[in-house]
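Here is a short briefing to read with the structure open beside you. It goes through strands, a surface patch, two loops and some charged pairs.

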Amino acid sequence: MPVGNQVPGSAAARKAIELPANQIETLGVQFESVEVRAINEPDRAVATVVVDESRVAHVHTRVAGWLEALYVNTTGQQVRAGQALGGVFSQELYSSQSEYLSAWRRAATGPASVVLEASRTRLILLGMSAAEIEGIEKTGTVRRLVTITAPQSGIVLNRGVTEGTAVDPSTEILTLADLSQVWVFAEVAEADVTRIGTGTLATLTFPTSRLEPIKARVDFVYPTLTEGTRAVRVRLSVPNPGGTLRPGMYGRAEFPGASRDGLTVKRDAVVDTGQSKHVFVQTSPNVFEPRPIQVGAQFADRVEILQGLAAG
């Protein structure tokens, strides 16, 4: 800071101090030379947890009819693969079951017919499971409702209909998402994305979750800029067996930055008064001068010095 514009109490306005050698030893004062070191400042980006699109399943019925029962109807509810989700009444499926039973009874007293196999195939195509078909053979009666089952384990992301609704194969009844693995989107500045590609290792932190930092690799870099932020979105796939990473959670992603050389000192050497920053420079034995500085990048144990000091 220029002398004519000194801030009262700033380091530049202070005088050098002298400490006896025994006091220096008692205080445990440490000395080091200003060094030029390689600085690798990471590129930081906002990170957001989202659902892995490849692990989303949309539940439909294969026949037209009415959804007379919905056993899972709460968003966020956990379901397991094969669990019954609802029951659909379909006149088409009801008639097809009757035809199958007639063919099955005839085959019981004679050789199996092509009609029986065709009828069975039709039931399977209309959504009945092998267990349900075996059930109507044992009971000799048709099932009024055909059961809709979960194609995979996961949580209910969306409920498309309610009980009593007319449905057909185009109707989305439920949307399920497997959260055992999630995607993390990082919004990287356009100027930094040239250093990031598929396979780049990143460190993900989610302060509100109390999770330890997570290491993950970029598996896709989107080819377009995000409107508004003008950033490039990169995607990382992260295992999530405990479900601690929840879609919508915000965090931070750090990517390796460009390496450069810079002057650095230990972080503990910098005195921050709130109005200025300074370090003490030994100008002669036991004499220390407060020297105003301007700092740059700050790391875990060192600080970059932009102005105020020279190497050595």
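I17 has its place in strand 1, where helices (H or I, at least four residues) and strands (E, at least two) are DSSP runs numbered from the N terminus. This is a predicted model, in which local features need pLDDT of at least 70, side-chain atom pairs count only at pLDDT 80 or more, and totals for chains, interfaces and linings use all residues. Residues are numbered from 1 along each chain as its sequence is written, and side-chain values use heavy atoms, with hydrogens and water left out.

**The sheet around I17**

- Strand 1 belongs to an open sheet of four strands, with the order 1-20-19-18 and antiparallel pairing; two strands pair if DSSP finds at least two bridges between them.
- Strand 1 (17-18) and strand 18 (271-272) are the edge strands, and each of them pairs on one side only.
- As general background, strands of a sheet pair through backbone hydrogen bonds, either parallel or antiparallel.
- Between strand 1 and strand 20 (residues 287-292) there are two bridges, and the two strands run antiparallel.
- Which residue of strand 20 is the bridge partner of I17? That partner is F288.
- I17 is partly exposed, at a relative accessible area of 38%; buried means under 20%, exposed over 50%, and partly exposed in between (1.4 Å probe, protein chains only).
- On the surface, I17 joins V271 and F280 in a nonpolar patch, and together they have about 230 Å² of accessible area.
- Patches are made of residues with over 30% relative accessible area and no salt bridge, with like charges joined within 9 Å and nonpolar side chains (Val, Leu, Ile, Met, Phe, Trp, Tyr) within 5 Å.
- The accessible areas come from the Shrake-Rupley method with a 1.4 Å probe, and for residues only the protein chains shown count as cover.

**Strand 3 and its two partners**

- Strand 3 (residues 43-51) runs antiparallel to strand 16 (residues 250-255), and six bridges join them.
- One position to look at here is A47, whose bridge partner in strand 16 is G251.
- Strand 3 also pairs with strand 12 (residues 181-189), again in the antiparallel sense and over six bridges.
- On that side, V50 has W183 of strand 12 as its bridge partner.

**Strands 7 and 8**

- Four bridges link strand 7 (residues 84-89) with strand 8, and the two run antiparallel.
- Within this pair, G87 has T147 of strand 8 as its bridge partner.
- Which residues of strand 8 (residues 146-149) are on the covered face, and which on the uncovered one? V146 and I148 make up the covered face, while T147 and T149 make up the uncovered one.

**Two aspartates in loops**

- D178 sits in the loop between strand 11 (174-177) and strand 12.
- The side chains of D178 and S180 make a polar contact of 2.9 Å; this term means a pair of N or O atoms within 3.5 Å, where within protein one must be able to donate a hydrogen and the other to accept it, and residues adjacent in sequence count only if both atoms are side-chain atoms.
- Apart from neighbours within four places in sequence, D178 is in contact (heavy atoms within 4.5 Å) with R55, Q152, S153 and G154.
- D192 lies in the loop between strand 12 and strand 13 (201-205), and this residue is buried, with a relative accessible area of 18%.
- D192 and A45 are 147 residues apart along the chain, yet their C-alpha atoms are separated by 9.9 Å.
- The side chain of D192 also makes a polar contact with that of R195, at 3.1 Å.

**Salt bridges**

- How many salt bridges does a search of the whole structure find? The search finds 15, a salt bridge being a side-chain nitrogen of Lys or Arg within 4 Å of a carboxyl oxygen of Asp or Glu.
- D52 and R55 meet through their side chains in one of them (3.6 Å, N to O).
- D52 is buried at 2% relative accessible area, whereas R55 is partly exposed at 26%.
- R143 forms a salt bridge with E132, and their closest N and O atoms are 3.6 Å apart.
- Because R143 lies in the loop between helix 4 (130-139) and strand 8 and E132 lies in helix 4, this pair ties together parts that are eleven residues apart in sequence.
- R143 counts as partly exposed at 31% relative accessibility, and E132 counts as buried at 9%.
- R252 pairs with E254 in a salt bridge whose closest N and O atoms are 3.3 Å apart.
- Both residues count as partly exposed, R252 at 39% and E254 at 21%.
- D43, D192 and R195 are joined into one network by salt bridges that share partners.
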